[in-house]
Amino acid sequence: MASLRSPSSPSDGYKRFSDDFANSSINNYGSNVTNSRAADAAGDATLELGSRSALGGGLPASEDEHWEMNYHEAAIYLEEGQNNEKFDSHPSSPEELPAYLRVHNPWYHGLDLLASLVLILLAFSEDPAVPAFKLPVWAHGTVELLALAVIGIELQLKLKWIGWGTILKHKRTMIKGITLLLMVLEAVVVLCRQSAHFRASRALRPIFLVDTRHCGGVRRFIRQILQSLPPIIDMLGLLMFFVATYSLLGYYLFSEHVDNGHFQTISDSFVSMFVLLTTANFPDVMMPSYAKSKWYAVFFILYIITVLYVLMNLMLAVVYEAFTRIERDKCRALLLHRRGAARRAFRLLVSRRAPRAVRLRHFAGLLRHYAPHYGPLDVFLMFKQLNRSGTGALSRGEFAALYDALSLRWAPQAARAPWLGAGPLEPLGRWASAAVAWPYFEHLVYALVLGNGVAMLLRVCEAAGGLRDSARLLCASWDTWLFLSLFLLEAGVRVLAAGPARYLASGWNVFDLGATLLALLGAALLSAAPDLFVVVVFRPLRLMRLYKLKKRYRDVFGTLVLLTPLMSSAGCVMLVMYYFFAIVGMELFAGAELRNCCVNTTVEDFYKFSSNSSTALGYYYLNNFENLLTSGVTLFELTVVNNWFILMNAYAIVVGPFSRIYFMVFYLFTMVVLTIVVASVLEAFRFRIQYKRSTSKRDEEKLLHEEVHTSWEEAQRLGAAGALADALRAHLPPGMQVTFVGTRPRTKEVLQRRMYQSDILKWLAEDDDSEDTPSALAADEPPAPDAPAGQQL
């Protein structure tokens, strides 16, 4: 679509405004230059001016310059609302704007992300390094300083427009600044000494990654973890009380049992009961005493029931309740924050002529800077969809729904069946639409999928001469090509019936097409390289379509779709935690030798190794911290908790008993994070079930789609003129009414508006009550033309 900007304008409105400041002095930019409208009717121009943007510095400006600055500042407010940034970091003068724009430039966001990733990846090449990636000290030290310099530039630019007062109150920025200073000092010391020293502070490098613009979801998940910590700490305190109490009782009951070495001292008793909390050493810890008397089993059974089946489940229930409340509070806070951003932008877009409404001209000017990728038709349709009152201008309440309107993707109603229009594909499109509408079409597809599964089962049962022949029969035989060809034909029919856009809008269609193409690729690769057995996994993927037949499976898959953003954030948090503990583990245990260690202890057999032969147990010495990769594998084994106490006890013997603290703390961290992940899964599944029960297909269709009926004459009446009118004329033929359909993505944020509908109305009413004060009401009065925008908020 055509753009609202002139051909010479850059695609990025923020860059254009930055260039204006770079190429013009403040005096020249703010000079009292009059345009044609101001020269012809100075009085009318004064009535047209509204709140003066703080970015103008209070200097006189022409009407066009005035509105351009207002559009830019309003766009900045909307961006701060979208990114959930605090308004106290909003630029308030022309001198602060260039630094703000540079930090918020997408190219700098990418550079910041790259520098953060480089810092994290340096752990592969620093001592103790992965042999294949090892670098000399001068090389990785220089790279580290360069990456830190990129991150330091951002903090220096932030200081220019935020100031020390705000930065000192911003905890995340302060932590990042202190960490940066520490990293720079340590990197300089390493370069000067040309050798590494104890640098457990490297574990803090993920702070830079988490603070990047691209990791907003990770920050939100970490914030939810921190907000969930109070109830978790309360339950952990209760849990540790019972562990300590049973440890004390176990010491007095079993310390005299010579055969039971788990309770010889108070500390041994506590460690044994802590490990028993994970069931990793059960029933080994019980059996020596159980041999003395069968009644001793009561102690261990009561302990397991109390701490594992009661307290641990209570912890999950408490975390789930806290997580659900936090999720609702997060929805409320984000909604009101965006509403506050829209309110601030609204005050910059109204004029003295229309002090309580935003007209199409100013709405288009705003989107030219906030969302330059939207075309004129999208801008007009958003304006029309927001203007529910039909007055031709957006009230403050209507303008507050801007973020929701920005999620809509518009298309003419006829485009919902693109192949049915006049053209050479019209007969095929009509035939495909009739085929897909046939009542038995879906049954036929499921029969093909089931037939593919039966053919695979027969191929698996068929005797073959070897692995090559078996793999070829399973994934590259004639029936494979037959079924895959039929699946491609099915996909083609669906595309012809609905069009590529609507076909790919369905997650199941994307899965079917992807599974079919992967199976085709696997068959081709297996025919060319018979030893490439890994591709045999591709053909069975299409069988997952059968799970769609059962409602419970549909709910599970739907929950997985809703959880995809959250699970990706949780996965990043787990990787960050692994990185932290891996670095600390390498610094503490990299030099520990576990091979043939722990002689005359209960874990001796697990570390016995001989160059000629060894038992399966003897390979436990490989669970070490010699580099980042092996440390990650070791930490994953500790996460699974199966036999994790064997690793802990080995390091306690080789390094020292205080090393157990590292392993216990890691278990507690993983337990907290995984408990919150489980709580998030439960909350998402409950949310989806409640949504499905309360929402019919018709209601969901209304929620995800908006219709706008308009015409060329209405566009003129609403104020479309100039380049906007020229662009709209191609889409709105004179004398005809055209219907456009806007489609929202089916995200959890969209569905929450349906589920929290009554709560949202209450939140908005409370927010309106807080705004209905004398100062707030005065802000809606016609502002003085030269009054700074900050005074109008």
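## Strands, cores and ring contacts in a predicted model

Proline 412 stands opposite phenylalanine 740, a residue of strand S3. The model described here is a predicted one, and this pair of residues is a convenient entry to its strands. Strand S1, residues 409-412, pairs with S3 in the antiparallel sense over four bridges. On strand S2, residues 705-711, seven bridges make the connection to S3, and these two strands also run antiparallel. Within the pairing with S3, threonine 710 has valine 738 as its bridge partner. Strand S3 itself, residues 737-743, is mostly covered, since five of its seven residues are buried.

Glutamine 385 belongs to helix H16, which covers residues 376-386. With a relative accessible area of 5%, glutamine 385 is buried, because the limit for that class is 20%. Apart from neighbours within four places in sequence, glutamine 385 is in contact with Ala405, Leu408, Trp410, Glu706, Val708 and Arg744.

### The nonpolar cores

In soluble globular proteins, nonpolar side chains tend to be buried together. The largest nonpolar core of this model has 86 residues, and the members with the most contacts inside it are Tyr303, Tyr607, Leu635, Trp644 and Phe663. Two or more residues come to this core from each of helices H10 (206-210), H11 (216-254), H12 (266-277), H14 (297-349), H25 (551-589), H26 (628-640), H27 (644-654) and H28 (660-694). Of these, H25 gives the most, with 14 residues. A second core, separate from this one, has 48 residues and includes Leu349, Val358, Ala371 and Phe399.

Phenylalanine 663 can be followed further through its surroundings: leaving aside neighbours within four places in sequence, it is in contact with Phe589, Phe625, Leu638, Trp644, Leu647, Met648 and Tyr651.

Helix H12, one of the contributors to the largest core, has 12 residues and reaches 17 Å from its first C-alpha to its last, close to the 16 Å expected at 1.5 Å a residue. Its buried residues are found among both polar and nonpolar types, including Ser269, Ser272, Met273, Phe274 and Leu277. The buried residues of H12 pack against H11, H14, H27 and H28. Threonine 279, which follows H12, has a positive phi, near 65°.

### Aromatic pairs and charges over rings

Across the whole structure, a search finds 36 aromatic pairs. Two pairs that join helix H25 to helix H28 are set out below.

| Pair | Centre to centre | Angle between planes | Arrangement |
|---|---|---|---|
| Phenylalanine 581 and tyrosine 662 | 5.8 Å | 70° | edge-to-face |
| Phenylalanine 589 and phenylalanine 663 | 5.8 Å | 15° | stacked |

The first pair links distant parts of the chain, with phenylalanine 581 in helix H25 and tyrosine 662 in helix H28, 81 residues apart. Phenylalanine 581 counts as buried at 4% relative accessibility, and tyrosine 662 is buried as well, with a relative accessible area of 7%. In the second pair, phenylalanine 589 lies in helix H25 and phenylalanine 663 in helix H28, so that parts 74 residues apart in sequence are tied together. Both phenylalanine 589 and phenylalanine 663 are buried. The residues of these two pairs belong to one aromatic cluster, formed by Tyr578, Phe580, Phe581, Phe589, Phe625, Tyr651, Tyr662, Phe663, Phe666 and Phe669.

Charged groups also sit over rings in this model. The charged end of arginine 338 lies over the ring of tyrosine 403, at 5.4 Å from its centre, while arginine 542 lies over the face of phenylalanine 487, at 4.3 Å from the ring centre.

### Helix H22

Phenylalanine 487 is among the buried residues of helix H22, a group that also includes Asp479, Thr480, Phe483, Leu484, Glu490, Val493 and Arg494. The helix runs over residues 478-498, and because 21 residues at 1.5 Å a residue should span 30 Å, the 31 Å between its end C-alpha atoms agrees with the expected value. The buried residues of H22 pack against helices H19 (426-437), H20 (441-461), H21 (467-475), H23 (500-504) and H24 (507-528). After H22 comes glycine 499, whose phi is positive, near 90°.

How values were computed
Residues are numbered from 1 along each chain as its sequence is written. This is a predicted model: local features need pLDDT of at least 70, side-chain atom pairs count only at pLDDT 80 or more; totals for chains, interfaces and linings use all residues. Side-chain values use heavy atoms; hydrogens and water are left out. A nonpolar core is a set of buried Ala, Val, Leu, Ile, Met, Phe, Trp, Tyr and Cys residues joined through side-chain atoms within 4.5 Å. Buried means under 20% relative accessible area, exposed over 50%, partly exposed in between (1.4 Å probe, protein chains only). Contact means heavy atoms within 4.5 Å. The expected span of a helix is 1.5 Å times one less than its number of residues. Rings of Phe, Tyr and Trp (its six-membered ring) pair if their centres lie within 6.5 Å; planes under 30 degrees apart count as stacked, over 60 as edge-to-face and the rest as tilted. A charge sits over a ring if NZ of Lys or CZ of Arg is within 6 Å of the ring centre and within 35 degrees of the ring normal. Two strands pair if DSSP finds at least two bridges between them.
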